Amino acid sequence: MEHIPSSPTRSHAKDGDDPLDTSSDDDCLDDAFGGLAALPVEVSERRPTCLRCRRPQKVCLCPFLPAQPLDVSTCLYIVQHPAEESRVLRTVPLLAACLPPEKCNVIIGRRFNEAKNPELAEVCQDSRTLILYPGPNSQNLEELVQRPEEGDKTHNIILIDGTWSQAKNIFLKNSMLHLPKQVQLNRSLSSQYVIRTQPTNICLSTLECAAVALSILECNDIFQEVLLRPLKALCSFQLEHGAQIHHSKEHLLKNGMYDKTKPKNKRKIKRLEKLVTDRNCLLR
């Protein structure tokens with residue numbers, strides 16, 4: 001927050017004129033700028049926003065949200081990159097609108113530690129906590145919850161919200177996020193978030209990842225259906241008003257449609273080539 005310095009206090013003499021009195025100077029300034037004060041001030045009007053879905057009221061998505069927050073036992077923790085706050089078409093507000101406030105916690109930042117984020121640190125140390133992040137050490141979430149020692153647990157699940165590179169940096173640079181069991185989704189799903197470009201055909205938005213994870217952990221596919229309803233409505237509305245379908249980078253590369261100049265850096269070239277064959281479900 002910007003701090004505005006306070007004006008220095010000025011003592012006034014009881015008798016006679018104060019040699020430091022600047023009232024005449026102030027009068028001159030008043031004469032010079034008094035006309036400006038009379039000019040009408042243009043106030044920029046912001047569109048009224050729906051308090052539940054966080055969308056402008058004219059394009060409110062509440063009709064597509066559940067009438068009441070979903071009754072879930074799983075607790076979600078969304079670790080969100082600060083850049084996501086300024087994005088217009090975000091999925092986390094829709095996710096939060098579908099769940100009880102205490103079941104969807106959004107924690108914004110790049111670096112986290114026990115001193116600044118004691119709640120997140122406690123969650124990461126909890127044996128019931130899982131982090132949804134693909135990689136060689138990740139376990140299939142569906143197989144994990146089918147194990148006798150895991151089946152009856154009420155889980156916490158951490159998701160990282162940001163672009164793939166942002167999510168990767170957050171995960172690698174925060175050791176506390178390495179404490180929970182690492183899981184991934186092995187279901188063959190195509191993202192329905194078609195108004196933003198995905199790295200691969202099976203990369204899912206944060207809302208989609210949460211929807212699939214909750215349907216697995218709660219043993220009820222209705223959660224996936226209900227949570228995806230507002231996302232489908234959002235995409236349909238945007239497409240009806242001029243938005244274009246964004247194919248994944250994987251699709252563009254496979255079909256010779258990738259029109260950006262390919263990088264000269266070998267590591268970046270390998271990363272693009274990997275998109276064609278990598279079948280991990282990545283958080284976007």
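Trainee: What makes strand 4 and strand 6 a pair?

Mentor: Two strands pair if DSSP finds at least two bridges between them, and two bridges join strand 4 to strand 6 (residues 181–184), so the criterion for pairing is met. These strands run parallel, and Gln184 in strand 6 is the bridge partner of Asn140. Strands (E, at least two residues) and helices (H or I, at least four) are DSSP runs, numbered from the N terminus. This is a predicted model, in which local features need pLDDT of at least 70 and side-chain atom pairs count only at pLDDT 80 or more, whereas totals for chains, interfaces and linings use all residues. Residues are numbered from 1 along each chain as its sequence is written, and side-chain values use heavy atoms, with hydrogens and water left out.

Trainee: Why are strand 2 and strand 4 called edge strands?

Mentor: Six strands form an open sheet with parallel pairing, in the order 2-1-5-3-6-4, and strand 2 (104–108) and strand 4 (139–140) each pair on one side only.

Trainee: What makes up the helix packing on strand 5, and at which angles?

Mentor: Helix 6 (residues 164–173) lies across strand 1 (75–80), strand 3 (129–132), strand 5 (156–161) and strand 6, at about 125 degrees to strand 5, while helix 7 (residues 206–217) lies across strands 1, 3 and 5, at about 165 degrees to strand 5. Angles run from 0 to 180 degrees between N-to-C directions of axes fitted to C-alpha atoms, for helices over the stretch in contact, and contact means heavy atoms within 4.5 Å.

Trainee: Is Asp161 in strand 5 called buried or exposed, and why?

Mentor: Buried means under 20% relative accessible area, exposed over 50%, and partly exposed in between (1.4 Å probe, protein chains only); Asp161, at 5%, therefore counts as buried.

Trainee: How do you know how many disulfides there are?

Mentor: A disulfide is a pair of cysteine sulfur atoms within 2.5 Å, and by this rule the count is zero. For Cys60 the nearest cysteine sulfur, that of Cys62, is 3.4 Å away, and Cys60 is in no disulfide. Cys62 is in none either, its nearest cysteine sulfur, that of Cys50, being 3.4 Å away.

Trainee: What is the confidence in the chain, and where does pLDDT stay under 50?

Mentor: On pLDDT, the predictor's confidence in each residue from 0 to 100, the chain has a mean of 77, with 64% of its residues at 70 or more. The value stays under 50 over residues 1–24, which have four contacts beyond four places in sequence, and over residues 278–284, which have 32 such contacts.
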